[in-house]
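Let's go through this one by asking what earns each label. Grab the structure and follow along.

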Amino acid sequence: MKVYLLNIIFLFFSVPLNIFANNNVEILKGVDIRISGVVKGDNGETLPGASVTIKGTSKGAITDVEGRFVINVPSEQSILVISFAGMELKEVVVGQNVNLEIQLKSSNKNLDEVIVVGYGTVKKGDLTGSVASIKGDKITQVSSGSFETLLQGRVSGLTVINNNNDNPQGGSTVRIRGVSSINGSNAPLVVLDGIPLGDAGNLNAINPNIISSIEVLKDASATAIYGSRGANGVIMITTKRGTEGTSNVWFNQKNSFGFFSNELDYWRNPLDMAILENESYENAGVEPRYIGKKDQLGTYYPSITELKNNDWPYQTNWSDYIFRKASVTQDYNLGVEGGSQKDHYYVSLGYYKGQGMQIDDDYNKLSLDLSYDHNVAKTLVIRSRTGFYRGKRNVNYGMDYTRNPLFPVLNGDGSYYKMFDTDYGNPLALTNERTNKGENLDGYAQLQADWDILPDLKFVLRGNARSGMGNTYYFNPVKYTVSGDRFNGDGGIGASNYLNVTSDAYLTYTKKLKGSHDFSVMLGSTIENSVSKGVSTVGQGFSNTVLREENLGGADKQIVGSYRTESVLMSGFARLNYTFKNKYLFTFTGRADGSSKFGTNNKWGFFPSGALSWKLIEEDFIKNLNVFDQLKIRTSYGISGNQGISPYQSISQYGQDFYYLNGEEYIIYGVGREIGREGEGNRYVQWGGMASKDLRWEKTAQLDLGLDMSFFKSRLNLVFDYYHKITTDLLRRQFLNPSTGFDRVWTNDGEILNKGIELSLDANVITKGDLKFNAGLVFNANRNKVVSIGSKSSSGYSEVNGLKYEAYGSGVLNDAFLNVLAIGYPVNSFYGYQVNGIIQDMPDNPTKTNRPGEFNYVGLKADGTLDPNARTIIGDPNPDFTAGLNLQFTYKKGLDLAIQFYTVYGNDIFSTRKLNGIAYTADRWTPENPNNLRPSLRADRQYYASSWFVEDGSFLRVQNVTLGYTFSPKQIRKLQGARLYFNINNPFTFSNVSEFDPETSEDGRGSAPYSRISTFTTGLEIKF
């Protein structure tokens, strides 16, 4: 059914014959023989959108909705070539028959599909590695500032975490087969038409509307060709290009409106708020707040009686000053594409304007992409591509809509109201007076020559350049911001730029020998140079703030900083493919990388892989079963690397520090620099910059076992993979003896295991009649474990009750950390106290922490203190599995409905909203309502990481619902094609978590300040 859908869409986007007058595809007029006919499939169903061309020319026709065509040919000896996706190509000699009925036979579309791999392509049926593919038109029904978000739930083995879908700039966390590194990069490499763009996650430079296909390389056999950059997988993007015989202008637009999927949680009845807050203070043994007097900061709080009698004049709904009624996103794309036998061209202009739900939280970008291919000679093709992207971002988020509603927005004189001198949370003041914005201009260019030196020998030479510049601006005013008050105005401007130049050259020799032997050999080299530079200027102390950050020279104090980094990567690579009798396939890949990032003793690394595949379907004993259309087993093993750290970590670094003498501030420069802070309030500086000459690659060794199957004339297709990968020589910072003068130095130490299964299932359930139905399922289950974290002296790990662990990440509540790396447990495991409900009985020696209504901690001692050694692993944020289900219905070749579901199951999340969510306070423990659900309210209670905050983070979300209609050529005679659709993104989420959004970051911490955004989109696609 998917085959027919693709061709119907192609038909609706194709022009009727009578308007081809100015097209490069020449329709013959005034010739001797007029041929008409109909094209059918092997089941007798007509095939709309089939291509009918005269062999040896670019002249042709396209079948209409009934599968019919008309074409003029020069003679009876003319040969018609008929093609249709999923069908075998057929040639027909015209002869004396002027009314043809042509029947095509089904081919295995999945096997014939060409898949892009590193430095080449391969038929899907000949793959030996684990590669997943998705077409670009599957992800463009929803607008997004970055393409990664659109892949969630669509590719097996690919995990996309989008826990902040209110960011108009887009962005997400992308992983392939789990987390493998603790300090290096975990993001897969993105390659656009052969151009390495960097880590996936927030690549705004890619316009999703120009994507033709996306291939995800997952196992070592597929990724080893990228060596040190392939350990986390590779996402390869192929963009659209002009095609021979067409010349089209196309336009599409999407307009979206976003709304909160659930209502905001704030105090709608201030009286209830005041009563509960007084209860909290009374339980703490201090004077209540709402008693009709000023507190120690000078703020007057009304009494309960004043509120009950409506004597208090203020009740502010702060959400009205923070949020829009709806966020609006506009996405427009205009393009021209076409080609002849010698030239192909593609031009696309895109404009995207997105709004967050918070007022003035905006992002817009303008993109231009151009490609041009020219056949210089029969054996030489020059390909070029260039693009530009301009983005502007105004950041305005993080304001507190749960702010006390009993106070006004403005004073009587029109100035912004402050509850006390250090109240910096007035949302209107922050929106109007604070500046936080950025802009960037990026471009890329590619020039490639494909030279067929001999029929079997091909040479490719490619050069890529990427460059960009960005500026950031901020200003924090006096009185309404912390830093503005501290420095009497605080502003700054930053400017940065980068240049990345890559050159590739590779030879490919392909030969078919007698005796059913086929092989190809590819040899190549690449060099990549990256330079980044930047400068920043900060001004503090403004006597006049009219020009704000635009007049930093008028500040009392200026702080200027600058940086420059450069890295070089040189590589040589090779790949050998061998096939025997089209049954047994072997692939060997090797790449040697030399990186400037690593120590003098380990500049170079070698990353080999091998893969075997057996096409069982070609064996007679399988064919005779008459069960399978495709049956193939695959296995691969290889090693890839990770160089995802900043440059200069292997050499001595210079830095600066400040000190005071006799009341004067001085700056000192020397070997070493600040690399972080720790301790309460980040009071202690971590000092680094020591040379590490033995620093080397992080390595991942991966085994993959795969199975590909198709049934029922390829109506049911299944791909299954099991993988087992070990990452060793983890890039991490080692603790040093204080006598060295440094705290940390980069080293290679530690080991992480990931293993799991992946399943991709595609079924054409209903293929005949007016209603057609297709279903696709992707399923991923990954198990992650920390095998080693190095020695105790180097990693500084703690050992308590046999558990070896080290802190991993920032603190939570009153604890210095929540997540840990613990040997034998998954990365990011939660560490804290177990809680066995709520204390119900008064002890003999009551304290504030052991009386009724308090947490019943395991490790709570008689004196009310906690035993820190009682802490243990209390949760795992890694899911048991993730899955996506994609359903697509079509009716009468025009109406279509697509529904996507996405689920995450078996993960734990750490929910702080379970504690402070307004909606949950009614279930608090009180003497009148004793329970084991929630503690009593107590203003001075200290909270620690405990199992009470851990919840099952499983959820099922209706991700997308799209209803569309594609117009037939008869309905739009002056257009080649048109489609109208309506999409709902994130309409429903089913979960049992206390958080607004069950989808959290990798560390499992619930952090969404409000519910997920549901987006309603109307879209129009037109081709002229």
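Q: What makes E40 and E41 a pair of strands?
A: Pairing takes at least two bridges. E40 and E41 are joined by 15 bridges and run antiparallel, so they count as paired by that rule. One bridge you can look up puts Asp 762 opposite Gly 776 in E41. Keep in mind that this is a predicted model.

Q: What sits between the strands in the hairpin of E40 and E41?
A: There are 4 residues between the two strands, and Gly 769 takes a positive phi near 90°.

Q: How do you know that E41 also pairs with E49?
A: Same kind of check: the cut-off is at least two bridges, and E41 and E49 have 10, in the antiparallel sense. So they pair too. In that set, Leu 777 has Leu 885 of E49 as its bridge partner.

Q: Where does E41 turn up again, away from strand pairing?
A: In the lining of the largest cavity, where E41 gives the largest share, 4 residues. Other elements that give two or more residues to this lining include E11, strand E40 (751–766), strand E49 (881–891) and strand E50 (895–905).

Q: What makes that space a cavity, and how many are there?
A: A cavity is a space where a 1.4 Å probe fits but cannot get out. Searching the whole structure turns up 6 cavities of 30 Å³ or more. The largest cavity holds about 480 Å³ of space. Its lining has 33 residues, and Thr 159, Ile 161, Asn 878, Pro 879 and Thr 882 lie nearest the centre.

Q: Why is Arg 1005 called buried?
A: Buried means under 20% relative accessible area. Arg 1005 comes in at 13%, so it counts as buried. You'll find Arg 1005 in the loop between strand E54 (977–991) and strand E55 (1013–1023).

Q: What makes the link between Arg 1005 and Asn 819 a polar contact?
A: The N or O atoms have to be within 3.5 Å, and the side chains of Arg 1005 and Asn 819 make their polar contact at 3.0 Å. The Arg 1005 side chain also reaches the backbone oxygen of Ser 810, at 2.6 Å. Leaving out residues up to four places away in sequence, Arg 1005 touches several others, among them Gly 809, Gly 811, Val 812, Leu 818 and Thr 1000. Phe 910 is another residue that Arg 1005 touches: the two are 95 residues apart in sequence, yet 4.9 Å apart in space, C-alpha to C-alpha.

Q: Is Gln 169 buried or exposed, and how do you know?
A: Buried: the cut-off is under 20%, and Gln 169 has a relative accessible area of 18%. Gln 169 belongs to the loop between strand E11 (158–161) and strand E12 (173–176).

Q: What makes Gln 169 and Arg 393 polar partners?
A: Their side chains are joined by a polar contact of 3.3 Å, set against a limit of 3.5 Å. Beyond neighbours within four places in sequence, the contacts of Gln 169 also include Gly 145, Ser 146, Asn 202, Asn 204 and Tyr 363.

Q: Why are E42 and E48 called edge strands?
A: Look at the order first: E42-E43-E44-E45-E48, an open sheet of 5 strands with antiparallel pairing. Strand E42 (798–800) and strand E48 (872–875) each have a single partner strand, so one side of each has no neighbour in the sheet. From one strand to the next, the twist averages 55°.

Q: How do you know that E42 and E43 pair?
A: At least two bridges are needed, and 3 bridges join E42 to strand E43 (residues 803–807). Val 800 stands opposite Leu 803 in E43. The two strands form a hairpin with 2 residues between them, and Asn 801 in the turn has a positive phi of about 55°.

Q: What makes E10 and E14 edge strands?
A: Their open sheet runs E10-E15-E16-E13-E14, with mixed pairing. Strand E10 (131–135) and strand E14 (195–199) each have a single partner strand, so each has one side without a neighbour in the sheet. Here the twist averages 20° from one strand to the next.

Methods
Residues numbered from 1 in each chain as written. Predicted model: local features only at pLDDT ≥ 70, side-chain atom pairs only at ≥ 80, totals over all residues. Heavy atoms only, no water. Buried < 20%, exposed > 50% of the residue type's maximum accessible area, 1.4 Å probe, protein only. Contact = heavy atoms within 4.5 Å. Polar contact = N/O pair within 3.5 Å; in protein donor to acceptor, adjacent residues only side chain to side chain. Axes fitted to C-alpha atoms, helices over the stretch in contact; angles between N-to-C directions. 1 Å grid on protein atoms, 1.4 Å probe; cavity = no way out; pocket = protein on both sides within 12 Å on 5 of 7 lines; lining within 4 Å. Points joined across faces, edges and corners; volume = space filled by probe spheres on them.
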